[in-house]
Structure formats: C-alpha cells, structure tokens
Amino acid sequence: MSIWQIIIVASIAVLAIKLAGYLVPEQVLQTPTAARTANLVTVALLSALIVVQTIGSGQGILVDARLPAIVVAAGLFALRVPFILVIVAAAATAAALRALGWAA
Amino acid sequence: MSAASERREAWRASWAVGLAVAAYGISFGALAVASGLDVWQASVLSAVMFSGGSQFALIGVLAAGGAASGPAAIAGATLLGLRNGLYAVRVSPIVGPGWAKRLLAGHLTIDESTAVATAQPTLESQRIGFWATGAIIWVGWNLMTLAGALLGDLLGDVSAYGLDAAAAAAFLGLVWPRLRALQPIAVAVGAAVVTTLTIPLLPPGLPVLVAAVVALVVGIPDLLGRPGGPEPQLVHHDDVPPAPDSGESER
C-alpha cells in the first residue's frame, strides 16, 4: 500500500466509527447500567491513553522525562491550576529535564 | 445558575479546552513529517480522520515500519477510534435529529467535544459545549498541524520541547474531573495497570482497548458503586464532572 492509500483507508474507517455511533437507538443508553458503563469506559480509555503517552514507546515501556512531567501535571490539577497552564508546565518540565540532561 | 451564565460557562470551557488541545496539534504535524509523511498527508489526516489518538497511533506505526506496515497502522488507528463510536452514542441525544447535523456532529465527535458537552448541566449548554469545542478544535488542530508540519524540519526533535509530555498531561486533564467517586477511581487505576502490563505484550493500540474491559467488568455489575446513591443519567446529570479545564465550574 502507498502512504496515501493507508491514510485514506484509515481516515474513512475512523470517520465511519463515529457516524455508526449515531445510528444506535437512543434507548440503548437510557438504562442506568449502560449510562454508568459508558462513563466508566471513557475513564478507562483516558486512563489507558495517559499510560501509553507517558511510558509507552512502540511496543515497549520507556521511563523518561514524560513521567516526572505527568507527576507535575497531576499535582497542578490537584491544586486546581487551569488546564492550559498545566499543559504548558508539563511540557516545560519535560523540556527542562531534557535540556539539563537529567532525563531522556 | 441562570441560563445565561450556563451558556457563558459552556463557552468558557469550550475555549479553554479547545485552545489547549489545538495547540498540541503542532506536535502532531511535526511528528507526522518526522515519520515520513509530507505536509499534505499530515493535513489530510487532521482534516478527515480528526482524532488525535488514532492519528498518533497511525504515524507511530508508519514511523517504525513504513508503508509496508500499512495494515497494522490502519488497524491501530481504527481500534483507537472505537471509543469515538461510544462517544457518538453518548452525545447523540444532545445533538438531536436531522441527518445533515448528525453527519457534521459525527465528524466532530472526539474526546474533548464529548467531555465538555457532557460536563454541562442543561441540554442547551451541552449543545454549546459540543459544537463550540468541536469547531474550535477542528479549526485549531488543522491550523496547528499545518504549522507543525511546515516547521517540523526547523523544530527538529519535538521531544526537546516536551510536546510528548503535553499530550499525556492533556489526557490527564480530561479524566481528572471524572475521578470524584471510588468507582471511577478504581476503574482508572485498574485500566492504568492493565495498560502497563499489556504494552510489552500487544501491538500498539490494543492495550488501550483491553483496558476498556476493566470498565465493563466494574460497570455492568456496578461493583464499588455508591449504595443507594443516584444512578447516573445521560442528560441532566446531577453529578456530572465539571468542565475538564480547571474545576472552576464548581465554585
């Protein structure tokens, strides 16, 4: 496959999944179990994405400057610091640790 | 809260989340070019696929395996996009009827538009949250992708600027307001453990989906739920998390 074919096929697949969700009848989510489970699925996916983004490196685990950066972010979120400032602080933490040579 | 202040709050959350997320589109553009895509290919991904997790997964696999890894790259992006289908079911009643509107809404159904919409207290403010967040991120994400792709060569190593850590922190900011009870906290911890254990065992993209099973195991039998507490409802939620930007909305 060419890179263009890969991009087009994958883009259509991801878009189709989004649209398919709108075809599911609304009643499906009107039971407490479905609503609760859908909420928890969101929590689980976001939590998993944090782990992948923080220590994932392809099919392996790599501890580097991202880990202290996410710890800083968690502390700032706990202190109710606004979202944008936390993101900047996390990036700055990782960048500083790398610039100082204290973390990869 | 009055209807006007609810509308203002929804707009404020949309801008705060939208601008922060759009800003790290620059890291996607730069990483896409570093993975061997050209500027147009990076831009088409952001315009059409428009799902950060799937986009990062696709370029991650292509960076490692090139065009020969096409099927794995497509599978990874698609699997990571499955959660958008769940979000669509969730926001479908907020969007309401009309096929053209639902088609457009489908394209804008992502983590952040869903999170901001479902965090608002009324249907009107939920609609504002969904459309405003989706539109702000679509425009900003595409502009920043283009900028990142063009600047990619100049920036060189994007990790030197901590952009990879910013992506992780953004996901943390989205889940943080949801962690107000034992049940979601247990699911978050369980999902993190499962992901950590399965990253070395499974192809990229799959650990995230396996982690979603934790939510099914806890959620369907309602393990660790609040005894006698109100059941969560889809709309007009009493205990929805506040806007995932700062916790200000609870003041």
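Read along its sequence, chain B of this predicted model follows the pattern α-α-α-α-α-α-α-α-α-α-α. In other words, chain B holds 11 helices and 0 strands. Of its 251 residues, 56% count as buried. Now consider the contacts in chain B with a separation of 6 or more: residues 24 or more positions apart account for 73% of them.

**Where the two chains meet**

How many residues of chain B are in contact with chain A? There are 87 of them, and they touch 70 residues of chain A. Eight helices of chain B are worth finding in the viewer here: α1 (3–23), α3 (39–49), α4 (52–65), α5 (70–95), α6 (99–107), α9 (163–175), α10 (182–198) and α11 (206–219) each supply at least two residues of the side that touches chain A. Which of them gives the largest share? That is α5(B), with 17 residues. Sorted by class, this side of chain B has 56 nonpolar, 23 polar and 8 charged residues.

**One helix pair across the interface**

Let us zoom in on a single pair. Helix α4 of chain A (residues 83–100) packs against α9(B) at an angle of about 145°, and their axes are 8 Å apart. The crossing of α4(A) with α9(B) is right-handed. From α4(A), the residues taking part are A:Phe83, A:Val86, A:Ile87, A:Ala90, A:Ala91, A:Thr93 and A:Ala94, and they meet B:Leu163, B:Ala165, B:Ala166, B:Ala169, B:Ala170 and B:Gly173 of α9(B). By class, this contact has 11 nonpolar, 2 polar and no charged residues. When you look at such a list of positions, remember that an α-helix has 3.6 residues a turn, so residues three or four places apart point the same way.

**A helix of chain A, and what the record lists**

Helix α2 of chain A covers residues 32–55, which is 24 residues. From its first C-alpha to its last, α2(A) reaches 35 Å, close to the 34 Å expected at 1.5 Å a residue. Is α2(A) mostly covered or mostly open? It is mostly covered, with 21 of its 24 residues buried.

An unreviewed UniProt entry lists residues 6–25, 37–55 and 67–97 of chain A under "transmembrane region". The table shows how two of these spans look in the model.

| Span of chain A | Helix | Strand | Distance between end C-alpha atoms |
|---|---|---|---|
| Residues 37–55 | 100% | 0% | 27 Å |
| Residues 67–97 | 87% | 0% | 11 Å |

Key
Residues are numbered from 1 along each chain as its sequence is written. Chains are lettered from A and ligands numbered from 1 in the order in which they are written. This is a predicted model: local features need pLDDT of at least 70, side-chain atom pairs count only at pLDDT 80 or more; totals for chains, interfaces and linings use all residues. Helices (H or I, at least four residues) and strands (E, at least two) are DSSP runs, numbered from the N terminus. The expected span of a helix is 1.5 Å times one less than its number of residues. A residue is buried if 20 or more other C-beta atoms lie within 10 Å of its own, exposed if 12 or fewer, and partly exposed in between; C-beta atoms are placed from the backbone. UniProt positions are given in the numbering used here, feature names are shortened, and annotations may be inferred rather than shown by experiment. Two residues are in contact if their C-beta atoms, placed from the backbone, lie within 7 Å. Ala, Val, Leu, Ile, Met, Phe, Trp, Tyr, Cys and Pro count as nonpolar, Asp, Glu, Lys and Arg as charged, and the others, Gly among them, as polar. Axes are lines fitted to C-alpha atoms, for helices over the stretch in contact, and angles run from 0 to 180 degrees between N-to-C directions. A crossing is left-handed if the near helix is turned anticlockwise from the far one by less than a right angle, and right-handed if clockwise.
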